[in-house]
Amino acid sequence: MALSKNEGGARRWIDDVLGVATLIGMVVALWLIFIYTPMELVQGAVQKVFYIHLASIWNAYLGFLIVFVVSILYLWRPSARKDRIARAWAEVGVVFTTITLVSGSIWAKPIWGTYWTWDARLTSTLILWIIYVVYLMLRGFVGDPERGRRYAAIVGIIGFIDVPIVHMSVRWWRTLHPDPIVATSEAALPASMWYTVLYCIVVFTVLALFLVRQRVHIDELRETLVDLRTTSS
Amino acid sequence: MKLTLQQVLAIVQKDLMVEMRARDLLVLMLTFAVLSLVIFYLALDLWGPVVQRVGPGLLWMTITFAAMLGMGRTFVREYERGTLAGLLLAPIDRGALFISKLLANLIFLFIMEAVTLPMFALLFDLPVLNPAVMLATLLGTLGLAILGTMFSAMAAHSRAREALLPLLLLPTTVPIIIGAVQATSNAISGVADGPPWIGLLIAFDVIFLTLSYLLFEHAIEG
Amino acid sequence: MADPGTDDVDTAVEVQGITKRYGAQAALDQVDLCLGCNERLAVLGPNGAGKTTLIAVLATLVRPSAGTLRVMGFDSADAPNEVRRRIGVVAHQTYLYEELSARENLLFYGRLYGMPDLEARVEMLLKLVDIYPRRHEQIANLSRGMQQRVALARALVHDPDVLLLDEPDTGLDQAHLDLLASLVQGRAIPARTVILTTHNLDRALELCGRVAVLAQGRLVYQAASAALDRAALRDAYHRLAGAAP
Ligand SMILES: Nc1ncnc2c1ncn2[C@@H]1O[C@H](COP(=O)(O)OP(=O)(O)O)[C@@H](O)[C@H]1O
Ligand SMILES: [Mg+2]
């Protein structure tokens, strides 16, 4: 169970690169967002939150997609490592869904005049958030850890398949009510804004990778510790 | 195939026979359903056109919560008395076991609804006893029962028992709840166009029936 | 290797490296076991040794964390239902529906196994375990010992090749302990392979040709009953499992 020296070394090296890349990438992202891109004429400074907003929801969906795939693999051939990876991506997904919701609210207050509205996207993102919070809680509710991982995998699969259906139902449901969104004509966005959006998505993905690797690593250390304790006692 | 059919039939019959003798499940669900209809009416002080607007939602909240109560009990009952292990010892395909439990749950839910719907029509004075509402109820109940059967098997094996079921079932069945409420609403007010809610319900049922059939083995085995 | 399931398999139960972990703790640790057809093994061990877990793994009720299990030539991972068809289990819980009568319970389980001539078989079993006069009473109204006898009949309803009995002597009076002995030893019914757990060393020696001791999830001792007397077994148990039984 103990890490071999070599493996530990390679792991550290990759983590260092990811960490530094994230740091530099984030600084550049701030420059792009606040200095390089022009100020949006109608919305003003608050529009800047959109770059973070879009990159966050991208990470959330990426995380939940990986949870879905790894959950299938887990049920096919269970292993503690697959479970750790799935859980780490789910945690990252939940964190970025939270950032999406919060940044959305910050944007909505001056634009729509309210922090929260039961708009289709907001509502389905909220339900997405709830599903994966329950996913993370589930293991703690089940006594046998192996069973807990299996149950989490089941919810990781059902939850992800459910997401588009939830989204569809909420969208149809909202069409029956007055729609508060004044859609910004996305086609008219200047190229610099698009580049910045794409760049932010890439940097956030690197950040997510970094976070997931750290999370998995911490889990492994914890399990090694538990093993050492039980074998020494 | 013939054996599987015989096994499914045996389990459904057994569940009905046990319920006929114990009666606790249906009594619990029915009392709860009727009680919540009354409480909703009192708490929301419903009258006039408001009833038409919120009625379908109240009906589906009542059905959903009563269903959760009942479905949670069916597996806990098998689990606590150890008979679940007796079922798992039998050479029965786990998908077939899922179908058996789903059918038993559906029968109980339909009995509950056979009382709740007329009761609702009477108390809220809404014409819910029409074929369109029945179709929506049938499809919505099927969706609730599919994921309910799946998740209550998991909840029975967990520490939180009945508390875990709503946490898993409510967020994932949002499409069922929205779809069934809207379909019921449209049927009552005679709206013909609008989104294809019945189609949504059917899609949900087909997708999750397939998925649960395949995944049930992992939910139920030790 | 002979064809699975045919009469010429001579190994009934074959367990290799079975481990079951609950969190960091191992309830079973690398258990190997091999049992020939019609062989009888008694598993002894203090509380928490892993006896119930071992029976549950053999019964396919608990998935092992590692290791393989074969019953009558069938691998439990590849053909679990073939394994299930061939084992009968009596456990701490009776697996009986309280609202149903003894007869209804046996008929129900018989149908799950697709048994032909079920009515006659159920009647025979009810008489065998001495419950026949009370066959129409709900299980809830029977005493613990009677329920245990119905549980025995339930385990036999599909005529399994292998019997797994977890402390089957629980709640039985002297007369029905004799009945249990005649079932296990294949006098009242055709002989079959048996694995049973018990806390009673005499019963282990009397009923089974082989005894084993489980301690902290490890199979630490195995011997043929013929080569042992009570004092020797007691001594070995004491030495290996710590506390006296
Ligand atoms: N479902 C479970 N969750 C956690 N630990 C368990 C579970 N089942 C058994 N154990 C543990 O495994 C060990 C072996 O238990 P068991 O097989 O019941 O022993 P025995 O039947 O020999 O008394 C015990 O330490 C027990 O606490
Ligand atoms: Mg035990």
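These are my notebook entries on a predicted model with chains A, B and C, covering contacts between chains, helix packing, sheets and a ligand.

**Entry 1: where chain A meets chain B**

I began with the contact between chains A and B, and I found that 26 residues of chain A and 23 residues of chain B take part in it. On the side of chain A that touches chain B, I noted that α4 (120-141) and α5 (145-174) of chain A each supply at least two residues. The largest share of that side comes from α5(A), which gives 17 residues. When I sorted the side of chain A that touches chain B by class, I counted 19 nonpolar, 4 polar and 3 charged residues.

**Entry 2: where chain B meets chain C**

Next I looked up the contact between chains B and C, to which chain B gives 21 residues and chain C gives 21 residues. On the side of chain B that touches chain C, α1 (2-22) and α4 (83-89) of chain B each supply at least two residues, and α1(B) has the largest share, with 9 residues. By class, I recorded 11 nonpolar, 6 polar and 4 charged residues on the side of chain B that touches chain C.

**Entry 3: a helix pair in chain B**

I then turned to packed helices, which are described by the angle between their axes and the distance between the axes. In chain B, helix α2 (residues 24-44) packs with helix α5 (residues 94-124) at an angle of about 25 degrees, and their axes are 10 Å apart. Angles under 35 degrees count as roughly parallel, so I wrote down α2(B) as roughly parallel to α5(B). The crossing of these two helices, α2(B) and α5(B), is right-handed. I looked at which residues meet, and on α2(B) they include B:Leu25, B:Met29, B:Ala33 and B:Tyr41, while on α5(B) they include B:Phe108, B:Met112, B:Thr116 and B:Leu123. By class, the contact of α2(B) with α5(B) has 15 nonpolar residues, 1 polar residue and no charged residues.

**Entry 4: a helix pair in chain A**

In chain A, I looked up helix α3 (residues 80-112) and helix α6 (residues 191-232), which pack at an angle of about 135 degrees with their axes 9 Å apart. The two helices α3(A) and α6(A) are therefore oblique to each other, and α3(A) passes α6(A) in a right-handed crossing. Among the residues making the contact I noted A:Arg84, A:Trp89 and A:Glu91 of α3(A), together with A:Leu211, A:Arg215 and A:Asp219 of α6(A). By class, the contact of α3(A) with α6(A) has 8 nonpolar, no polar and 4 charged residues.

**Entry 5: the sheet of 6 strands in chain C**

In chain C, I followed an open sheet of 6 strands in the order β6-β7-β8-β3-β9-β10, and its pairing is mixed. The edge strands are β6 (87-90) and β10 of chain C, each of which pairs on one side only. I also noted that neighbouring strands of this sheet are turned by 15 degrees against each other on average, direction ignored.

Within this sheet, strand β3 (residues 40-44) of chain C pairs with β9(C) in the parallel sense over 4 bridges, and C:Leu41 has C:Arg210 in β9(C) as its bridge partner. In contrast, strand β9 (residues 210-215) and strand β10 (residues 218-224) of chain C run antiparallel and are joined by 6 bridges, with C:Ala215 standing opposite C:Arg218 in β10(C). The hairpin of β9(C) and β10(C) has 2 residues between the strands, and there C:Gln216 takes a positive phi near 50 degrees.

**Entry 6: the sheet of 4 strands in chain C**

I found another open sheet in chain C, with 4 strands in the order β2-β1-β4-β5 and antiparallel pairing. Its edge strands are β2 (25-36) and β5 (74-75) of chain C. Strand β1 (residues 11-22) is joined to strand β4 (residues 66-71) of chain C by 5 bridges, and C:Gln16 has C:Thr68 in β4(C) as its bridge partner. I saw that α1(C) lies across β1, β2 and β4 of chain C, running at about 60 degrees to β2(C).

**Entry 7: the ligand**

Between which chains does ligand 1 lie? I found ligand 1 between chains A and C, and the residues around ligand 1 include A:Gly143 and A:Asp144, as well as C:Tyr22, C:Asn47, C:Lys51 and C:Thr52. Helix α1 (residues 51-58) of chain C provides the largest share of the shell around ligand 1, 3 residues. By class, I divided the residues of this shell around ligand 1 into 3 nonpolar, 7 polar and 2 charged.

How values were computed:
Residues are numbered from 1 along each chain as its sequence is written. Chains are lettered from A and ligands numbered from 1 in the order in which they are written. This is a predicted model: local features need pLDDT of at least 70, side-chain atom pairs count only at pLDDT 80 or more; totals for chains, interfaces and linings use all residues. Two residues are in contact if their C-beta atoms, placed from the backbone, lie within 7 Å. Ala, Val, Leu, Ile, Met, Phe, Trp, Tyr, Cys and Pro count as nonpolar, Asp, Glu, Lys and Arg as charged, and the others, Gly among them, as polar. A residue is near a molecule or strand if its C-beta atom, placed from the backbone, lies within 6 Å of it. Axes are lines fitted to C-alpha atoms, for helices over the stretch in contact, and angles run from 0 to 180 degrees between N-to-C directions. Angles under 35 degrees count as roughly parallel, over 145 as roughly antiparallel, 65 to 115 as roughly perpendicular and the rest as oblique. A crossing is left-handed if the near helix is turned anticlockwise from the far one by less than a right angle, and right-handed if clockwise. Two strands pair if DSSP finds at least two bridges between them.
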